[in-house]
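Got the viewer open? Let's take a walk through this one, a stop at a time.

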Amino acid sequence: MTDDLKRQAAEAAIEFVEDGMKLGLGTGSTASWFVKLLGEKVRAGVNVVGVPTSEATAKLAQDEGIALTSLDEIDRLDLTVDGADEIGPDLALIKGGGGALLREKIVAAASARMLVIADAGKHVENLGAFPLPIEVVRFGKKASERAVAELISELGLSAELAWRIRGGELFATDEGHVIIDASFGLIPDPEALARGLSEIPGVVEHGLFLDLAETALIATPEGVKRLT
Ligand code: 5RP
């Protein structure tokens, strides 16, 4: 059912694609549906070029026959289509459940428009039930963790911090960094938290995507809702 809804959101996003567009290609199961459907469009003769937000998406796009480029070769993207872990008020997002938040944010910021696609379960009244990914460099990672914990307490919040583990090892992002997942339950002021996290030297990026998404396509059992 959820996978069906993810596909429906991706189908609705395909309608936004025009010939000649430069596209940011998101990461995750919902974004993968979009890449697969884009592959069909490309094989039908539509000419686009994509910038993938992860090695996994790059591989999928290549398998689908989608031409790829990088942000070093072009200056601006027309549209980025990506999933999200949570979509809150004002299209504020939590992203990074798949660990691609850094490249995802760089690509979204380089795009004229960011379109978010998701199943209805991702649409929430307040952000924070999904653990917030915080990407840190390996050097001094414990000091970064302490700085994150201090910030959280200075903001009057509480959160459980957990290093992301895969296969018994620290999960490594495509850029070789590691991730702290911060379980808040509720993030009452995402802007203040985002500002504070960005000021910590070892924090490369965090999964709060504020003022980046322009439109969200949310697939519900009753149809796809468009939020702007
Ligand atoms: C990856 C992401 C994904 O967009 C997010 O985790 C949603 O994934 P899915 O579509 O599989 O639920 O931010 O870093």
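How many residues of domain 1 are in contact with residues of domain 2, and how many on the other side? Fourteen-for-fourteen is the answer: 14 residues of domain 1 are in contact with 14 residues of domain 2. Keep in mind as you click around that this is a predicted model.

**Stop 1: the two domains**

Colour residues 1-123 plus 210-222 as domain 1, and 132-207 as domain 2. Their centres, taken over C-alpha atoms, are 24 Å apart. Now select 101-109, which is helix H4: with 4 residues, H4 gives the most to the side of domain 1 that touches domain 2. Colour that side by class and you should get 6 nonpolar, 4 polar and 4 charged residues.

**Stop 2: zoom out**

Switch to cartoon for the whole chain, which has 6 helices and 16 strands. The radius of gyration is 17 Å, close to the 17 Å that the globule rule gives for 228 residues, so the chain is as compact as a globular protein of that length. Along its principal axes, the C-alpha trace spans about 55 × 40 × 35 Å. Of the 228 residues, 46% count as buried. If you have a contact map handy, take the contacts between residues at least 6 apart in sequence: 76% of them join residues at least 24 apart.

**Stop 3: the core**

Next, go inside. The largest nonpolar core has 59 residues, and those with the most contacts inside it are Ala9, Phe34, Val116, Ile117 and Ile134. With your domain colours still on, look at where its members come from: both domain 1 and domain 2 supply at least three residues each. Centre on Phe34 and show what is around it. Beyond residues up to four places away in sequence, Phe34 touches Ala10, Ala13, Ile14, Val81 and Ile117.

**Stop 4: around the ligand**

Which residues are closest to the ligand? Select Gly28, Thr30, Gly83, Gly97 and Gly98, the closest of the 18 residues that surround it. Two elements give two or more residues to this shell, helix H2 (29-43) and H4. H2 has the largest share, with 3 residues. By class, the shell has 10 polar, 4 nonpolar and 4 charged residues.

**Stop 5: a loop with two positive phi values**

Jump to the loop between strand S5 (86-87) and strand S6 (93-94), where you'll find Asp90. Leu91 is in the loop between S5 and S6 too. Why stop here? Most residues other than glycine have a negative phi. Asp90, though not a glycine, has a positive phi of about 60 degrees, and the phi of Leu91 is near 55 degrees. Are they buried or exposed? Asp90 counts as exposed because it has 11 C-beta neighbours inside 10 Å, and 12 or fewer is the cut-off. Leu91 has 19 such neighbours, so it counts as partly exposed; buried would take 20 or more.

**Stop 6: Val49**

Last selection: Val49, in strand S2 (residues 49-52). With 17 C-beta neighbours inside 10 Å, Val49 counts as partly exposed. Leaving aside neighbours within four places in sequence, Val49 is in contact with Lys22, Ala67, Leu68 and Thr69. To finish, draw a distance from Val49 to Leu157, C-alpha to C-alpha: the two are 43 Å apart in space and 108 residues apart in sequence.

Definitions and conventions. Residues numbered from 1 in each chain as written. Predicted model: local features only at pLDDT ≥ 70, side-chain atom pairs only at ≥ 80, totals over all residues. Core = buried A, V, L, I, M, F, W, Y, C linked by C-beta atoms within 7 Å. Domains from an automatic or database assignment. Contact = placed C-beta atoms within 7 Å. Rg over C-alpha atoms; globule rule 2.2 N^0.38 Å. Nonpolar A, V, L, I, M, F, W, Y, C, P; charged D, E, K, R; others polar. Near = placed C-beta within 6 Å.
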